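Got the viewer open? Here is a short tour to click through, one selection at a time.

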Amino acid sequence: MKKRIAITLSGFLLAANTCAWAQTAPGGAPSPAASEIRAGTLKSVRGDVQLLSADGASRGATPGDAVEPIDRIVTGADSGASMVLRDGTSLVVGPSSRLDLKQFHFDSTTQDGGMLVSLLRGSMRMITGLIGKTHPDAVRVETQTAVIGIRGTDFIVQVDGQP
């Protein structure tokens, strides 16, 4: 049994080492890992969900897609999406919503980071992760009429569209 575990673990280590080697940039300098560049990952998508990048490019969202540190998530009627950010923060975006991830940075080694989320319309639920636990002042949520400072918790925000 111990031999099987050792062989399995060595296979995982070999695979991880191969992946790390494959991320070396031309000239031998290591490139930043893809997981360090993105803010998080979409875990589930229901209905019509679009991701808009900072340069204005729009793409249909599917589970497993990367969410960049500056992205907009737009959901249609009867649609929604959930994502997990690199610090463990969970965001669920409800139907007919528009959410901007305006800023996200996180260093997994030091657990330093910050995030700014702007809910323009619709609803979202947030369960804060490591940033909210280690640096609660570094997590902010904006709406058109308020800015919410988060102190490491689970909450729901809803914004009505303009009349």
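The stops below run from the whole chain to a few residue pairs.

Start with everything shown, and keep in mind that this is a predicted model. Colour by secondary structure and you should find three helices and 12 strands. Of the 163 residues in the chain, 33% are buried. Put up the surface next: about 9400 Å² is accessible, and 58% of that belongs to carbon and sulfur atoms.

Now select residues 71-75, which is strand β5. Isoleucine 73 sits in this strand and is buried, at 0% relative accessible area. Show what touches isoleucine 73, skipping neighbours within four places in sequence: the contacts include Val49, Leu51, Met83, Val93 and Leu99. Try a distance to valine 49, too: the C-alpha atoms are 7.1 Å apart, with the two positions 24 residues apart in sequence terms.

Stay on β5 for its charged residues. Aspartate 71 makes a salt bridge with arginine 59, with the closest N and O atoms 3.9 Å apart. That partner is in strand β3, 12 residues away. Aspartate 71 is buried at 3%, whereas arginine 59 is partly exposed at 30%.

Next, pick arginine 72 and aspartate 100, a salt bridge with closest N and O atoms at 2.5 Å. Aspartate 100 belongs to strand β8, so the pair ties together parts 28 residues apart in sequence.

Last stop: arginine 140 and glutamate 142, bridged at 3.7 Å between the closest N and O atoms. Add Lys102 to the selection, as shared partners join Lys102, Arg140 and Glu142 into one salt-bridge network.

Key: Residues numbered from 1 in each chain as written. Predicted model: local features only at pLDDT ≥ 70, side-chain atom pairs only at ≥ 80, totals over all residues. Heavy atoms only, no water. Helix = DSSP H or I, 4+ residues; strand = E, 2+ residues; numbered from the N terminus. Buried < 20%, exposed > 50% of the residue type's maximum accessible area, 1.4 Å probe, protein only. Contact = heavy atoms within 4.5 Å. Areas by Shrake-Rupley, 256 points an atom, 1.4 Å probe, with all protein chains shown as cover. Salt bridge = Lys/Arg side-chain N within 4 Å of Asp/Glu carboxyl O.
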